[in-house]
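Please load the model in your viewer and keep the selection tool at hand. The stops below say what to select next and what is there.

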Amino acid sequence: MNIHEYQAKELLAKFGVAVPAGYPALTVDEAVAAAGKLPGPLYVVKAQIHAGGRGKGKFKELGPDAKGGVRLSKTLDEVRTNATDMLGKTLVTIQTGEAGKQVGRLYITDGADIAKEYYLSMLVDRATGRIAMIVSTEGGMDIEEVAHSTPEKITTITIDPAEGFQPHHGRAVAFALKLKGDLNKQAQKVASQLYDAFIATDMEMLEINPLIETAPDSSGAAKIQVLDAKVSFDGNALFRHAEIAALRDETEEDPAEVEASKYDLAYIKLDGDIGCMVNGAGLAMATMDIIKLNGMFPANFLDVGGGATTEKVTAAFKIILADPAVKGILVNIFGGIMKCDTIAEGIVTAAKEVNLSVPLVVRLEGTNVDQGKAILANSGLAIVPADDLGDAAKKIVAEVKKAA
């Protein structure tokens, strides 16, 4: 689950992380009022969408010469103008694709006098089973280009979760950022605080870009601050964090994925034309691969899990068929805990309820497979049975081509 920048900063602040003052706004008047609470004289109006690259993004409705989704404002009138420009408009960034995302929220923050920008992120390294903290001296809007062209400027520090964050990890972060003196100590502290937040809230990914060094103030002191934050959480751990689950903004998610989550279905929309309904993530990945090997593309990833019911299967069919690109459906079930006859009954009920109008190929294997196949054969529906995964993929591709 992803959250907005302002929510991420509020969360990180609870762990002591230094962030600039700021307030969310849902209307233009709220944006102006939020700016009025800040000391100024510089305010930053930031579009809140679940995507990066907002600063370089463009609004569909405003033309190519308009400013992006992060704008500096020197007066409250400029805040009003920028908020009016952004709210309700569609922001297209490198991460949204051409469709873009509609801006329904803004974040009004205090301006920062930036001396240097850095990059810091954390994620779970599946290869090592450790937390990877990735840092670079080259923070800012072009971090992707840095990773591509000058990867030597990026340092990865791995942290064994059994050991936890240790002082030497903090020193490694500060050293990689080439910081000295008090800034070195601040960077160590911030890295430790970010690790604490990552672990305590079951984050999947935390990206700080940029992490900034401010220009020295009147006393000559500079500060390390989090200027932007992107956070995503492990959905399987949200039952432990009701306060985080409450931050979910469903308007930022694909409606089909939101609907699927209501039935505990793991669904991700893809760009192909063969709908897939499978039990087990690994089997679902294999099913998508073999569809591609046979010359067509999967329209979705959909894992019904090990406890599929008639209601769940019916919901899955409806979600798949809501995609107008779907030209056929392949059901691939390996019955272990879930019996094949139960799945077959669900498929028949669902197919009748949704008035199935595209080719359907079903491959069943496992517990009570013979009973399951008999239920499908006696259903009176145009369900094409398959003996194995390879056979199923060939048959659904052939059926779709025949129906075209």
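## First stop: K312

Select K312 and V304 together: the side chain of K312 reaches the backbone oxygen of V304 at 3.1 Å, which is a polar contact, meaning a pair of N or O atoms within 3.5 Å in which, within protein, one must be able to donate a hydrogen and the other to accept it, while residues adjacent in sequence count only if both atoms are side-chain atoms. The model is a predicted one, in which local features need pLDDT of at least 70 and side-chain atom pairs count only at pLDDT 80 or more, whereas totals for chains, interfaces and linings use all residues. Residues are numbered from 1 along each chain as its sequence is written, and side-chain values use heavy atoms, with hydrogens and water left out.

K312 sits in helix α10, residues 310-321; helices (H or I, at least four residues) and strands (E, at least two) are DSSP runs numbered from the N terminus. Now add D264 to the selection. K312 is buried but has no salt bridge, and D264, the nearest side chain of opposite charge, is 4.2 Å away. Here buried means under 20% relative accessible area, exposed over 50%, and partly exposed in between, with a 1.4 Å probe and protein chains only. A salt bridge is a side-chain nitrogen of Lys or Arg within 4 Å of a carboxyl oxygen of Asp or Glu. For charge, Lys and Arg count as positive and Asp and Glu as negative, while His and the chain ends are not counted.

## Second stop: the salt bridges

How many salt bridges does the count come to by this rule? The count comes to 18.

Select E5 and K46, whose salt bridge has its closest N and O atoms 2.8 Å apart. E5 lies in helix α1 (residues 5-13) and K46 in strand β2 (residues 43-47), so the pair ties together parts that are 41 residues apart in sequence. E5 is buried, with a relative accessible area of 5%, and K46 is buried as well, at 7%.

Move next to D160 and R130, which form a salt bridge with the closest N and O atoms 3.6 Å apart. Because D160 lies in the loop between β10 (154-159) and α5 (167-176) and R130 in strand β9 (residues 130-136), this pair ties together parts that are 30 residues apart in sequence. D160 counts as partly exposed at 23% relative accessibility, and R130 counts as partly exposed at 33%.

Then select E399 and K402, whose side chains meet in a salt bridge at 3.4 Å, N to O. Both residues lie in helix α13 (residues 389-403), 3 residues apart, about one turn of the helix. K402 is exposed, with a relative accessible area of 61%. To see a network, select E5, K9, K46, R54 and D228, which are joined into one by salt bridges that share partners.

## Third stop: L12 and A191

Select L12, found in helix α1. Is L12 buried or exposed? At 0% relative accessibility, L12 counts as buried. Leaving aside neighbours within four places in sequence, L12 is in contact (heavy atoms within 4.5 Å) with V17, L194, A197, M203, L206, I208 and A229.

Finish at A191 in helix α6, residues 181-200, which counts as buried at 0% relative accessibility. With neighbours within four places in sequence again left aside, A191 is in contact with M133, F165 and V173. A distance label between the C-alpha atoms of A191 and P167, 24 residues apart along the chain, should read 10.0 Å.
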